[in-house]
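User: Can you walk me through this one? I'd like to start with the sheet and then look at some backbone angles.
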Amino acid sequence: MSSSTGTDLLATSADTWRDRTDDPPVVPPELHPPEHAALRERHRALWQRHALRRQRAEDVYDASRNPVRGWPVSGNRAVLAFFGELVRRRKRSFAVLVLLNALAAGSALVVPRLLGSLVNRVQSQGASVDGLDGLALTVIGVVVLQSLFTFGAQRTSTHFGQDLLASAREYIVATILRLPVGRVEGASTGDLVTRVTRDVGTMARSVQWGVPRLLISLLTVVLSVVAMLLNSLVLAVPALLVFALCTPAVRTYLRRAPKAYITEGATYSRINTTLTETVEGARTVEALGLSGARVRAGGDDIEVSAQAERYGMTLRNVLFAALNGAFQVPQVVTLVVGAYGYSRGWVDLGQITAAMLYVVALAEPLDAVIGEVDRLQVGAASTSRLLGIAEVPPDREPGDRLPDGVELVGDDLRFAYREGHDVLHGVDLRLRTGERLAVVGPSGSGKSTLGRLLAGINRPRTGSARVGGVDLVDLPLEVLRTEVALVTQEHHVFIGTVRDNIVLAREASSDDAVREALRAVGSLAWVERLPEGLDTMIGSGRYALTPAQAQQVALARLIIADPHTLVLDEATSLIDPRTARTLEGSMNNLLEGRTVVAIAHRLHTAHDADRIAVVLDGRIVELGSHDELVELDGEYAALWRAWTS
């Protein structure tokens, strides 16, 4: 291809991107406020926008129940059952927490009654009131006792919340690690990242602080109501009825808020997905001149998220407006009813004083209850998104049969990522024990899919992939990974020492075995030059490895795992050709007697293999040694000539 032709293709590549200019706007015009409108029209348009946002939130919520490709979201019952189970495991701590908070709240309610008694004494005895010293000492004693109860309650609450949080995090981590690999790769990465970062953090704050504080506030409210009723029914009932006027607003909020918060979480996932795709494909975006399109996509995501945020904000504003009135009016009602009742002789000044103090004091814990419920709604939405991950069904049910031998056989392998669109078409492949099989072919031909089936990652749509006569997907994972292991271009370095990263599969491995594995992948020399050798801390925020070094660590980890069959999916693609050649040569010496399937884009790997499988359009079109296929003068011979020319 001439340079001018290449330049022309590069200049016009952006034109192949789907034209979205005729697509409807992501935010319909009805959600934008009218300009230059009268006050009444703007008010009507505001509530019309609110109704439309509510419908959009309900649509998102309904779609999250059973998504086609994304991650599902659990219902409220699952969230309540999850937290209920966490609390049931800590019955003793929960009982102590409730008791201490009840004592703290109860002791705080004694002081208003004492002050009411003081008012009555002053009224009846005048300036020369007897027993003030004793009353003052009683108040001081009650305050000190309340402080001690409060300290014990806060301490217990902190321990309870931290313990609850630890168990919740452990459950989420265990759930994520059980996810089917095929489902992880097929769903949105941005959504999963959002769930395990933002949603975990939100859930953590709710579990650690929201649950204990809600218990404390509820106890205080209940005991305050009891104290008000014991003080005077005449003064308590009107005030409580006014407080109850906010019930409809609270019920409406509690019914609609979960959908609003789940919708907000979904928009955050959408933003993360677009951002992740743009960053990971930055070179492609730059080369094809797609910067404007990606910026617009990000802007659209933010605009959609802003509409979801506005819906939740409107729900909160309506709620808080109702609560503000419900909290202020009872004070006036209590004072008016008290004055009337005092004139009729129904209540005395001490009861009025205590009632006013109770009403004022009740507003704070009641406000705290509503605030904590709001925070818990956010936490519940995040928890439902996290628990939704646990609802993903497993992709396999391990059987009890174990392999009888190490021969790997694939019969009539067909596989589709989308229904009705097979990417493999009846592939038959029988591996010879101990051979090196190279799988080559153009991009998109099905090489990696074949490797995934041979490694037991996915179940074929038809046919079977068996080792020792047993389907790979019917083996328990801990057994499967000692039989067949897959190494791809992707790798991960965990926070820990070099040794820790390599012995993950077999923690009892000796340092000599670790060094032998490093020597086999050609990395022992640079590891020994590290500041602390095998004890050097690597991973995020520690000693930074190059991509090639990280991949060598991953390969050494594989060697320690010691499976009899390896599937290498372009596992050396991030290493320079000279290092890759050395690495593959060392592995060939070490892996004598093992079966290796190498999916390669560098044909020197194929040249060194015992056999070569050429995959084209989901089928194996040629199978043989390098010399046999070159002599055949078919697809492989053409690839080899292009590679060596």
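Analyst: Here is a short tour of the sheet, the helices on it, and two aspartates; the model is predicted.

User: What is the order of the strands in the open sheet?
Analyst: The order is β6-β9-β10-β3-β11-β12, six strands with mixed pairing.

User: Which are the edge strands?
Analyst: They are β6, residues 484-487, and β12, residues 619-624; each pairs on one side only. From one strand to the next, the twist averages 15 degrees.

User: How many bridges join β11 to β12?
Analyst: Five, and the two strands run antiparallel. For example, Val-614 has Glu-622 in β12 as its bridge partner.

User: Which helix packs on the sheet and touches β3, β11 and β12?
Analyst: That is α22, residues 635-644, whose direction makes about 100 degrees with that of β11. Helix α13, residues 447-454, lies across β3, β6, β9, β10, β11 and β12. Its angle to β10 is about 155 degrees.

User: Switching to backbone angles. What is phi of Asp-412?
Analyst: Near 50 degrees, which is positive in a residue other than glycine. Most residues other than glycine have a negative phi. Asp-412 sits in strand β1, residues 408-418.

User: And where is Asp-562 found?
Analyst: In the loop between α18 and β9. Asp-562 also has a positive phi, about 65 degrees, and is not a glycine.

User: How accessible is Asp-562?
Analyst: Its relative accessibility is 37%, so Asp-562 counts as partly exposed. Asp-412 is partly exposed too, with a relative accessible area of 32%.

Conventions
Residues are numbered from 1 along each chain as its sequence is written. This is a predicted model: local features need pLDDT of at least 70, side-chain atom pairs count only at pLDDT 80 or more; totals for chains, interfaces and linings use all residues. Side-chain values use heavy atoms; hydrogens and water are left out. Two strands pair if DSSP finds at least two bridges between them. Helices (H or I, at least four residues) and strands (E, at least two) are DSSP runs, numbered from the N terminus. Axes are lines fitted to C-alpha atoms, for helices over the stretch in contact, and angles run from 0 to 180 degrees between N-to-C directions. Contact means heavy atoms within 4.5 Å. Buried means under 20% relative accessible area, exposed over 50%, partly exposed in between (1.4 Å probe, protein chains only).
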